[in-house]
Amino acid sequence: MTSLVDSFLGTTPEPVVWPDVLPDHVSATMLTSYHRCRELWRLRYLEGHKEPPRHYQIWGSADSAAAAFNFEQKITSHEDLPTAAVTEVFAVEVDRQIDAAGGESQVAWESTTAAQVKDRGAALAALYHRQAAPKVQPIEVERRFEIAVQGLAVPLIGYMDVETAPTIVERKTASRKWTRPAGQYMAQAHVYQLASPKPVHFHVSTKTQTPGVFTPAEEASLELPLVKAQAGMTE
């Protein structure tokens with residue numbers, strides 16, 4: 001993680017000068033975006049340029065909202081909601097995302113449609129709800145955390161999808177089955193471990209012809225064992 005921070009701003013033990021034009025915080029997404037393409041980072045985070053949302057982004061956001069709706073109440077109830085409640089939240093969130101974008105014409109649908117996203121996405125959300133959700137007992141959902149980084153003048157901020165007593169659960173939707181998480185997701189997981197020293201379990205819902213849900217129970221490579229927090233970083 002330190003190497004990502006270093007590549008972002010070249011941090012040193014002494015606080016760096018932080019120009020007012022830069023964001024007032026950093027996140028794992030911002031760090032990996034900067035590492036991947038500095039010009040796209042500049043356009044997004046300095047110029048405020050936003051591209052039209054893509055269908056998979058709307059799908060992913062709706063999927064997260066549906067699962068969070070169930071897990072938030074499960075903290076106290078210890079029971080999952082009926083599947084129909086979760087799929088309804090998925091459909092409502094798709095509509096909300098489309099409205100926020102300015103209508104269907106403002107979304108990059110590519111080779112799919114809003115109706116297809118709703119149908120296929122609701123089915124995948126239902127599959128996750130039946131297959132994986134019963135094994136998760138959350139203690140926190142979408143918990144915000146803030147970490148001070150030695151030499152960095154602004155905080156490192158993030159949100160964890162789901163936290164259980166023994167693990168952090170990071171949910172993803174993907175176009176294919178993962179053999180292991182990609183590098184940017186591993187960096188994200190390392191940041192989570194700085195905030196909460198626990199293993200990270202990736203739960204991946206795949207949008208393949210035959211939908212699937214994969215967790216460390218099915219694929220051991222979807223677990224990131226605990227990594228000791230880097231010196232100089234505290235919550």
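## Notes on this predicted model

1. Start with a pair of charged side chains: K177 and E219 meet in a salt bridge, with 2.8 Å from N to O. The two residues come from distant parts of the chain, 42 residues apart. K177 sits in the loop between β3 and α7, while E219 sits in the loop between β5 (212–214) and β6 (223–224). K177 counts as partly exposed, at 39% relative accessibility. Keep in mind throughout that this is a predicted model.

2. That pair has company, as the structure holds twelve salt bridges. Some of them share partners, and in this way E39, R42 and E47 are joined into one network.

3. Now look at K198 and E163. Their side chains also form a salt bridge, again at 2.8 Å from N to O. Which parts of the chain does this pair tie together? K198 lies in the loop between α7 and β4 and E163 in strand β2, so the salt bridge ties together parts that are 35 residues apart in sequence. Are these two charged residues buried or exposed? K198 counts as buried, with a relative accessibility of 13%. E163 counts as buried too, at 6%. The cut-off for "buried" is under 20%, so both values fall below it.

4. For a contrast, try R144 and E146. The closest N and O atoms of this salt bridge are 3.2 Å apart. R144 is partly exposed, with a relative accessible area of 43%, and E146 is partly exposed as well, at 37%.

5. Time to step back and see the whole chain. The protein has seven helices and seven strands. If you read along the sequence, the order is α-α-α-α-α-α-β-β-β-α-β-β-β-β. The chain has 235 residues, and 45% of them count as buried. Among contacts with a separation of 6 or more, 70% are between residues 24 or more positions apart. On the outside, the chain exposes about 12,200 Å², and carbon and sulfur atoms supply 53% of that area.

6. Next, find the hairpin. Strands β1 (residues 138–149) and β2 (residues 156–164) run antiparallel and are joined by eight bridges. One residue to click on is R143, which stands opposite M160 in β2. Six residues lie between the two strands, and in this hairpin G151 takes a positive phi near 90 degrees.

7. Two residues that are not glycine deserve a look at their backbone angles. E142 has a positive phi near 50 degrees. E142 lies in strand β1 and is partly exposed, with a relative accessible area of 42%. H78 has a positive phi of about 60 degrees. You will find H78 in the loop between α4 and α5, where H78 counts as exposed at 52% relative accessibility.

8. What about the inside? The largest nonpolar core has 31 residues, and F145, L156 and F202 have the most contacts inside it. Elements giving two or more residues to this core include α2 (28–36), α3 (38–46), β1 and β2. β3 (168–174), α7 (183–195) and β4 (200–206) do so as well. Which element gives the largest share? That is α7, with six residues. There is also a second, separate core of 28 residues, and A67, W109, V117 and V213 are among its members.

9. Helix α6 is a good one to trace by eye. This helix has 18 residues and reaches 25 Å from its first C-alpha to its last, close to the 26 Å expected at 1.5 Å a residue. Its buried residues include V117, G121, L124, A125 and Y128. An α-helix has 3.6 residues a turn, so residues three or four places apart point the same way. Among the elements that cover the buried residues of α6 are α4 (55–77), α5 (83–101), β3, β4 and β5.

10. Finish by zooming in on L124, which is found in helix α6 (residues 114–131). L124 counts as buried, with just 1% relative accessibility. Which residues does L124 touch, not counting those up to four places away in sequence? They are W59, S205, T206, K207, P211 and G212. Take P211 from that list: L124 and P211 are 87 residues apart in sequence, and their C-alpha atoms are 6.5 Å apart in space.

Definitions and conventions. Residues numbered from 1 in each chain as written. Predicted model: local features only at pLDDT ≥ 70, side-chain atom pairs only at ≥ 80, totals over all residues. Heavy atoms only, no water. Helix = DSSP H or I, 4+ residues; strand = E, 2+ residues; numbered from the N terminus. Buried < 20%, exposed > 50% of the residue type's maximum accessible area, 1.4 Å probe, protein only. Contact = heavy atoms within 4.5 Å. Areas by Shrake-Rupley, 256 points an atom, 1.4 Å probe, with all protein chains shown as cover. Pairing = 2+ DSSP bridges. Core = buried A, V, L, I, M, F, W, Y, C linked by side-chain atoms within 4.5 Å. Salt bridge = Lys/Arg side-chain N within 4 Å of Asp/Glu carboxyl O. Expected span 1.5 Å × (residues − 1).
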